[in-house]
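Good morning. Please look at the sequence and the structure on the screen, and I will go through a few points.

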Amino acid sequence: MSLSMAARPMAPRAAFGQIVRNEARLAWRQPAGLIVGIGISVGLLVIFGEVSVFQQSSARLGGLSAFDVYIPILIAFAIAIIAFTYLPGPLVSYREQGILRRLSTTPVPASWVLAAQLVVQACLMLISVLVLLIVSIVFFGVNTPKSPGGLILAVVLSIAALARTPGAARGIMAAVLYPLLFFSGLYYPVQLLPGVLQDISHYTPLGAAVQAIQISMNVGFPPVTPLLVLVAYALVFGFVAKRFFRWE
């Protein structure tokens, strides 16, 4: 039986750093998340960049080209793929192998296990975002972001919101992921959806992420609404993931 939180002695703070380092080494040995997150999104970026019609501006897309529209979508896609396909894997594996049960008898709190996973996966997400931006700017001539500060804030909040989603919805990841991808505009640009679907998109985590990133890249600092939506998802899913975390 695991120790109760009241009886559990405090773990030294250095232990958290060791947990993060251990998780980073495991991620390096099994780089599936990085390969999938970068490989698929960069592959789609190159395909879209080589299609001439994607480079043509369209009034229906607010004067942007389809390629410009899809860069923020692919950034959000890369973050979501890592969050939904790679992040839950280690925790599920640890639970099945009894590692979490053994950890429950140590001073390590559950929040540290979750936080260490989030730190490592956030780093993978940032690498994916940087690769996408560098490739789009260097090889396809995309303009540098209009608001670098706004872009950084939008990406950080997107990672905070999306990285915590699987922990709160682990059992229904597939059911959640594909509708979120639809509302991000991956299958069909949000600008071309009916008004009611556009409104729904703006209040989903991926839709809000794309909106904030797209405005940061093409217009200026993003409006407060998509940023608050991302903050809300980060807080709610973070609470749910921690509240319902189980060692076994």
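Start with confidence, since this is a predicted model. Among the elements of the chain, helix α10 (residues 205-218) has the highest mean pLDDT, 96, and helix α4 (residues 88-96) the lowest, 65. Here pLDDT is the predictor's confidence in each residue, from 0 to 100, and helices are DSSP runs of H or I with at least four residues, numbered from the N terminus. Over residues 1-7 the pLDDT is below 50, and this stretch has five contacts in the model beyond near neighbours in sequence; contact means heavy atoms within 4.5 Å. The chain as a whole averages 82, with 78% of the residues at 70 or above.

Two notes on conventions. Residues are numbered from 1 along each chain as its sequence is written, and side-chain values use heavy atoms, without hydrogens and water. In this predicted model, local features need pLDDT of at least 70 and side-chain atom pairs 80 or more, while totals for chains, interfaces and linings use all residues.

Next, Leu 153. Where is Leu 153 placed? Leu 153 sits in helix α7 (residues 148-168). Leaving out residues up to four places away in sequence, Leu 153 touches Phe 221 and Leu 227. From Leu 153 to Phe 221 is 68 residues in sequence, but 9.4 Å in space, C-alpha to C-alpha. Is Leu 153 buried or partly exposed? Leu 153 is partly exposed, because its relative accessible area is 33%; buried means under 20%, exposed over 50%, and partly exposed in between, with a 1.4 Å probe and protein chains only.

Last, Phe 139 lies in helix α6 (residues 110-140). Phe 139 counts as exposed, because its relative accessibility is 62%.

Definitions and conventions: Helices (H or I, at least four residues) and strands (E, at least two) are DSSP runs, numbered from the N terminus.
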